[in-house]
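Here is a short set of exercises on how two protein chains meet. Work through each task with the structure open, then compare your reasoning with the solution.

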Number of protein chains: 2
Amino acid sequence: MSLTQIGSNICFGGQQNRYQHQSNVLNCEMVFSVYLPAAAENGPCPILYWLSGLTCTDENFVTKAGAQKYAAEHGIIIVAPDTSPRGEGVPDDPDGAYDFGLSAGFYVNATEEPWSVHYNMYDYIIKELPTLINANFPVDASRVGIFGHSMGGHGALTIALKNPDIYQSVSAFAPIVAPLRCPWGQKALSNYLGSDQSIWADYDTTALIARGENKIPLFVDQGLADQFLEEQLKPELLEEACKAHDHPLILRRHDGYDHSYFFVASFMEDHIRYHAEHLSR
Amino acid sequence: MSLTQIGSNICFGGQQNRYQHQSNVLNCEMVFSVYLPAAAENGPCPILYWLSGLTCTDENFVTKAGAQKYAAEHGIIIVAPDTSPRGEGVPDDPDGAYDFGLSAGFYVNATEEPWSVHYNMYDYIIKELPTLINANFPVDASRVGIFGHSMGGHGALTIALKNPDIYQSVSAFAPIVAPLRCPWGQKALSNYLGSDQSIWADYDTTALIARGENKIPLFVDQGLADQFLEEQLKPELLEEACKAHDHPLILRRHDGYDHSYFFVASFMEDHIRYHAEHLSR
C-alpha cells in the first residue's frame, strides 16, 4: 500500500501532515492526517488514534482540537482518520441525513447491502490503517491509545474494549455509549447490521462492559449543556454498566459545556496527559 | 447601538460568544466574536483586539488559534471582528479576487467610490467597535492591546502606531509591513485610496515608523517557509525601518513555519503572555 502526501504544515515544532491512499478494506480512496512530534525524528514514539464524530472528516480535529501542543510536549504521534468511506460509488443516506452514510460510518463492519462493500470502518481502524501507519512512520506499536468524540467516542470505547492486545489506553469526549438505546445508534446499526440486535451488541459499549471481556479503564468527559446529552449520549448508562460489572471508569461531568470542539479543546490537555501516562514504559 | 447574540460556547471556563449589530460606520450588519474569561465575572479585564487576514471572518481565529486557553489563564478578553464590511449592497472585487473587497478591508478608511460608503474598517476598529464593546462587556479600557495575522498584522501595527493613547501593546504574526511596496498593498490601497501614494503612507507600517510619531514596541513572529514571505510580507523592510529610526522591535524568524493558523497557534501562547505583561497594572 502506498501513501501520497497531500499536505504538510509545521506546528508546535512537529509536522502536521495529510495523506491519501487506496483502502482495500473500504474499497475507496481515503485521506488521513498524522501529527509527528519533533521527538519522532529521534526514534519510535507512542501513538494515539483519534476518531471523530458525525459530520467530520480528518480535518476537524486537526484544526480545532489544539492537540498538537500536548502531542509535542509528550512526544506522541496522533493519527486522525476520516469518519466513513468516501468518493463516487460509496452509497449515502437516501435522504442525505447527517447521521448515517457519509461521515457516519459508526466504526462498524457493515453486513447489509449496499453498505457492506464500503462501510467497514472497524477493520479499517484496527487493521488496515495501523499496518499502513506502522510501515511508514516511527511508531512504537507496543504503545497505542485510542480516543474520540461523540460517534468517535463510541468507536474508541468499543474498539479498545474488544482489542486489549492492541490498545493500552482509551478515552472519549461526549461518547455515544449505548447505540442500542439511542436514535443515532438504532438508525445506523439497523441499516449497517440488519435487524438482529444480538449482533449490534458487539458495537455497544455498555453491552461490551456487561460481557466483561477485559477491564481496560475508561476516561470520559461529558458537558452538561450538550444538546445531545439526554436523547443520544446518556452517560448514566455507562456509569450504571461500569458499576454493575466493576469496570474502572473516570466520568467527569462539566457544567456549561456543549457538544462542540470548544468543549473538546478545553479538556484535550487532560486526555493527552492521561494517555501519555498510560503509554509510558 | 444594540447587540444581538447569535452564539455562545463555554470554552476553557469562559464564554466564546458571537454577536451581530448594525454598523453606522460601515453601513451594514456586522458580526464579531468575543471571548470572556471567567475572570470577567469578577470585574473589568484588559482586552485584546485580534485582526484577521485575507479570506477570514471572525471565526477563523476563534476556532483555529487556540487562544482561549491563554486568555483564560491571563484573564484577558479577546475580540475578533470580521475583516471587511459584509452583506448585499457591499461592493466586491469585480473579478471576485481574494485579496480585495469582501474579506479584504485592509483596515483603512476608503476615500474612493464605490468603496468609501462601506469600507471604513479603520474607524470601525478604533472607534465604533470599542464603543460597543466597552458599553456591553466588563472591559478595563485603560488596558488595551491589538494583534493580528497577515493583513490583520498590518492592521494591528498601523493602528497601534497611530493611536498610542488607545493601545498599550501590539504584536503580529506574518504581517504585511509595507503595503506601498508589495502587490497586495498596492492593489488594495490604490483602489481604496486613489493614486496619491502620500495618502497610502498613512497605512504603511514602515512609513509610520519613519515618521516617528511614537515608539510603541513591536513584537512580530514570521515563519520562514511562509509562501508569501518574499513577495508580500518582507519583514526585512520592517527590520530596516526600525533600525534606521531607532524603533523597538522584537522580530523572530521561525524555520519551517508557513502562513497558516498552524503557525499562529504555535506561538499564540507567547503573544498573549507578551500582551498580558504589557497590560498588567
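**Exercise 1. How many salt bridges does the rule find across the interface of chain B and chain A?**

Solution. Bear in mind that this is a predicted model. Start from the general idea: side chains of opposite charge can pair when their charged atoms come close. The cut-off to apply is 4 Å between a side-chain nitrogen of Lys or Arg and a carboxyl oxygen of Asp or Glu. Searching across the interface of chain B and chain A with this rule gives two salt bridges. For one that you can inspect, go to A:Glu269 and B:Lys69, whose closest N and O atoms are 3.0 Å apart. Over all chains, the rule counts 32 salt bridges.

**Exercise 2. Find the salt-bridge partner of A:Lys69 within helix α2 of chain A, and say how many residues separate the two.**

Solution. First, locate helix α2 of chain A, residues 68-74. Next, look for an acidic side chain: A:Glu73 forms a salt bridge with A:Lys69, at 3.2 Å from N to O. Finally, count along the helix: A:Lys69 and A:Glu73 are four residues apart, about one turn.

**Exercise 3. Describe the contact between chain B and chain A by residues and by area.**

Solution. Begin with the residues: 22 of chain B touch 22 of chain A. Then turn to area, since the size of an interface is often given as the accessible area lost when the parts come together. Chain B and chain A bury about 1,700 Å² between them, and carbon and sulfur atoms account for 57% of it. Now ask who contributes: B:Ile10, B:Phe12 and B:Phe262 provide 35% of the area that chain B buries against chain A, more than any other three residues. Polar contacts also link the chains, with eight residue pairs counted at pLDDT 80 or more for both residues.

**Exercise 4. Which elements give two or more residues to the side of chain B that touches chain A?**

Solution. Mapping that side onto the elements of chain B yields β1 (4-11), α1 (59-64), α2 (68-74) and α10 (261-279). Of these, α10(B) gives the most, with five residues. Sorting the residues of this side by type gives nine nonpolar, nine polar and four charged.

**Exercise 5. What rotation superposes chain B on chain A?**

Solution. The superposition takes a rotation of 180° with 0.0 Å of shift along its axis, at an RMSD of 0.0 Å. The two copies are therefore related as by a two-fold rotation axis. In chain B, the C-alpha nearest the axis belongs to B:Lys64, 2.6 Å away from it. The same surface serves both copies, as 100% of the contact residues of chain B recur in chain A.

Notes:
Residues numbered from 1 in each chain as written. Chains lettered and ligands numbered in written order. Predicted model: local features only at pLDDT ≥ 70, side-chain atom pairs only at ≥ 80, totals over all residues. Heavy atoms only, no water. Least-squares fit on C-alpha atoms with pLDDT ≥ 70 in both. Contact = heavy atoms within 4.5 Å. Buried area = accessible area lost by both parts, 1.4 Å probe. Polar contact = N/O pair within 3.5 Å; in protein donor to acceptor, adjacent residues only side chain to side chain. Nonpolar A, V, L, I, M, F, W, Y, C, P; charged D, E, K, R; others polar.
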